[in-house]
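Please take me through this model in the viewer, one selection at a time. I would like to know what to select and what is found there.

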Amino acid sequence: MTAHLVEFRVGPAADLPVGEGRAYAAGATMVAVFRLRDGSLRAVSAVCPHAGGPIADGIADSAVVICPMHQHVFDLATGCSKTGQPPLAVYPVRVDDEGELVVGLPD
Amino acid sequence: MERLVVIGNGMAGARTVEEILDRGGRERFAITMFGEEPYGNYNRILLSNVLSGVEDEADIFLNSLPWYEENGITLRAGVRVERIDRFARVVRAADGTVTPYDKLIIATGSRPYVPPIDGMHHPRRGYHQGVFTFRTIDDTRAMIRYARDHERAVVIGGGLLGLEAARGLQQHGVQVTLLHSAATLMNAQLDAQAGAILRRNVESLGITVEVSARTVAVVGRDRVEGVRLADGRTIPSDMVVVAAGIRANVEVAALSGLPVERAILVDDHMRVLDETDIYAVGECVQHRGQTYGLVAPLWEQARVLADQITGRDRTAAYHGSRTATKLKVAGVDVAAMGITTPERDDDEFVVYSEPRRGVYKSVIVRDDRLIGATLLGDVSKVGFLMQAFDRGLPLPEERVRLLFDLGGPPAEESAAELDDGAQVCNCNGVSKGDLVTTVHSGVKTVGGVMDATRAGKGCGSCKSLVAQIVEWAAGGTVEEDPTATWYVPGVPMDKPALMAAIRAQGLKSVSAVFDALAGGREDAKSKMGLVSLLRMMWGEEYQDERGARFINDRVHANIQRDGTFSVVPQMKGGVTTPDQLRRIADVADKYQVPMVKVTGGQRIDLLGIRKEDLPRVWADLDMPSGYAYAKSMRTVKTCVGSEFCRFGVGDSTTLGIAIESRFQGLESPAKMKLAVTGCPRNCAEAYVKDLGVVAIDGGRWEIYVGGAAGAHVRKGDLLATVDSPDEVITLTGRFLQYYRENANWLERTYAFVPRIGIETIRSLIVDDSDGLAAGLDERMAAAVAAYTDPWKEGAAPATAGQFRTALPLLPLPVVPVRERDPA
């Protein structure tokens, strides 16, 4: 499944504050990347499947993000909704040697 | 490992051990449990079902013997503990064993109360062979055996247990007479009228009932022949069941020198008074003077005890329970809560009685709060009443609605009658069917169903109906939502306890609260509420964590359905100037604002601003924030008052501006909308505001609080009538501060004021009955002094990318954009 990934460098990791999310364009795909309080990163699709809300503007904890539009809850590790919505896509994300955020999208 | 010994293997003891195991107790304790009965533990409440043959003995076991083994618990079933040696820290059992402990839990429950009746005991043989109590499986078995080959039974005691025993014995073909010494059946729960109706219901089942019937003797030497009453009559009978109540089982505790009154005295941590390592739980405890014989309080106690003994939550505390019962007694639905008859002259007592149909309903209301209710035969309103009783919900003005569903809008309909397709939550489009499906899928708490379906998460006006439907769908197995009293769902504390812990431990950031009070588990849903509370408590000392804020509070503007933001500059009292209007118009042009709209709060809303434009929009406007996005003081609506109006009797505009200037941006549990109006014609709608001020003739001002004209409509309660604008400002500040400190998260004043009661609020903040006023004034003054305009943040963003767009490049459902010049 992870065999065919295309990686995108989306921006400097230093500009992503701890505890918050930001939206990035990875090619034609919008990705919301979060830096959790323990420092780890999560990347999910940036658009709430319910009504198009901006997921990157949501409140996150170590497990979930809440869409700011209608408070739908999504698991950051699996993308699954805990409030009965279709899931978000989940993407691998890391920081490369030059401090850039790198998001992997399926080919 | 520490040695934990539990005396008592009934519902309280076993439940407490389950809670301890849930908190990692297996790693921490070597657990030994003593139970007098030679069984695992069972649900004692269901013994009446076993007696009546509805349920099998095997079905009422909660934990069977293998459960103890699987959890590494040593069960000493059938062994009675005789004494605790507190100094040697051991318990001595009847079989001669001595078991040492590090921690001890006493859960000895209660025993049947047997009134002094001649002939019941045989001096040498103990209880007469035809005499039974009704407490254990063995009692039940013995009664069933005896009833099989005997014909007439007398049950002494017309309370819940006696009724259950009578009904159960009847199933075995025995002719039953129920004797009750008081004049009213179930007199602890029912008033005389309800008791009389219950009596008719019970008699219609073929049970003979005698009230005011004091039994003085059991007649018969070798076998029971009857009972003699105080009035001299003899009731012939082959067997006697005594169900005259219970008494806490405190023998071991008393013998061992522990403090005992009616039961074992415990503190809020369920610790026996003045003991460091001995706890007690269940029917054998007395907490703040109260003992409990119901299951719900026991569950609460077990959780607190487990939190304390395992150290999982040192702040856990039991504050007592408000008990409500809902049951089927001898086939009749009965629900009772609080007091049964009015106690004060001004208690409202609403009664409906229909004896022929066996229906009786009464409610007792004091200061607009439900303090007692009795329902018999028809318990369809029990869901709302129990909630109102538990949580102090606002009551309908027409009290009859407490007893009946009178049609009207859906919220008034009872859960059972609603059509499956009926939309319950009109904000999020959730139907009754959706709720029922969720309950049947296994979600058994009201909060859980609301989370899963979004029902009640919009304006909130459907919450009580949602709760009723959940209760109905769960068929009485609805689980208590432990988080209902918590300030936020992720920290197990109510607001006063949470504030005390925050203050005591100096917790100044949201993550510090999670670390100290929630075992390090952060919870996204709790963050907004904690930010608000911490900012209110610490002012400038609060340590901001940007990610904990809702997006509106991160960018100081209100997110709209297309992901853009709306910007509302401050316009104190709705008064503006040509210069301000010109600037607003220029900004609207420059940023191509798709819609410019006058709001209900007398301000101008610029809708459709892109997030990245916010800092420049604020800079160009050069006006302070109007807080149209925050849980805070938003606006003070005014009329023109005396300045131009022919009718105005007070200068409402000036006072409104003064109020808005003083309390601008003030953080609170929910948004606050205020108004000042210049005469009782009320053009500024002050009667339906969180706080409304009305000028009346003679230079005086009325202050109303707790009004609403949103999802709920409520006229505010008159707090005070004062002589000067200065007094208005003082009382406004004091009320707002009291609300800030005491309201639950997102609790608007229309719910808060009725919950506390206007008389209480008036006596606290107007009459200063408890000496709180000076402190409230002082803390409010500090909050006012700490005010800074958040829009200044536009010049120096708080975090990297604060105003970066989160909008996708994909098309979104876009708000229809109007033509710039409507034709």
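**The lining of the largest cavity**

The residues that line the largest cavity divide into 6 charged, 3 polar and 3 nonpolar. The model is a predicted one, and the tour begins with this lining.

Select the chain A part of the lining: Glu20(A), Gly21(A), Arg22(A), Ala56(A) and Asp57(A). Then add the chain B part: Arg546(B), Ile551(B), Arg554(B), Val555(B), Lys611(B), Thr799(B) and Gln802(B). The volume enclosed is about 60 Å³. Over the whole structure, a search finds 3 cavities of 30 Å³ or more.

Next, colour two elements, β2 (21–26) of chain A and α17 (551–555) of chain B. Each of them supplies at least two residues of this lining. The largest share comes from α17(B), with 3 residues.

**Between the chains**

Now show the two chains in separate colours and select the residues of each that touch the other. On the chain A side there are 32 such residues, in contact with 37 residues of chain B. About 2,700 Å² is buried between chain A and chain B, and carbon and sulfur atoms give 58% of that area. Within chain A, pick out Arg37(A), Asp57(A) and Ile59(A), the residues that lose the most area to chain B. Together they account for 23% of what the chain A side buries. Asp57(A) has also appeared above, as one of the residues lining the largest cavity.

**Chain B as a whole**

Hide chain A and display chain B as a cartoon. Its secondary structure comes to 24 helices and 42 strands. Of the 823 residues in chain B, 52% are buried. Among contacts in chain B with a separation of 6 or more, 61% are between residues 24 or more positions apart.

**Cys683(B)**

Last, select Cys683(B), which UniProt lists, in an unreviewed entry, under "binding site". Where in chain B is Cys683(B) found? It is in the loop between β37 (672–677) and β38 (691–696).

Is Cys683(B) buried or exposed? Cys683(B) counts as exposed because its relative accessibility is 60%, and the cut-off for exposed is over 50%.

To finish, show the side chains around this residue. Leaving out residues up to four places away in sequence, Cys683(B) touches Cys639(B) and Thr677(B). Thr677(B) lies in β37 (672–677), the strand on one side of the loop.

Technical notes:
Residues numbered from 1 in each chain as written. Chains lettered and ligands numbered in written order. Predicted model: local features only at pLDDT ≥ 70, side-chain atom pairs only at ≥ 80, totals over all residues. Heavy atoms only, no water. UniProt positions renumbered as here; feature names shortened; annotations may be inferred. Helix = DSSP H or I, 4+ residues; strand = E, 2+ residues; numbered from the N terminus. Buried < 20%, exposed > 50% of the residue type's maximum accessible area, 1.4 Å probe, protein only. Contact = heavy atoms within 4.5 Å. 1 Å grid on protein atoms, 1.4 Å probe; cavity = no way out; pocket = protein on both sides within 12 Å on 5 of 7 lines; lining within 4 Å. Points joined across faces, edges and corners; volume = space filled by probe spheres on them. Nonpolar A, V, L, I, M, F, W, Y, C, P; charged D, E, K, R; others polar. Buried area = accessible area lost by both parts, 1.4 Å probe.
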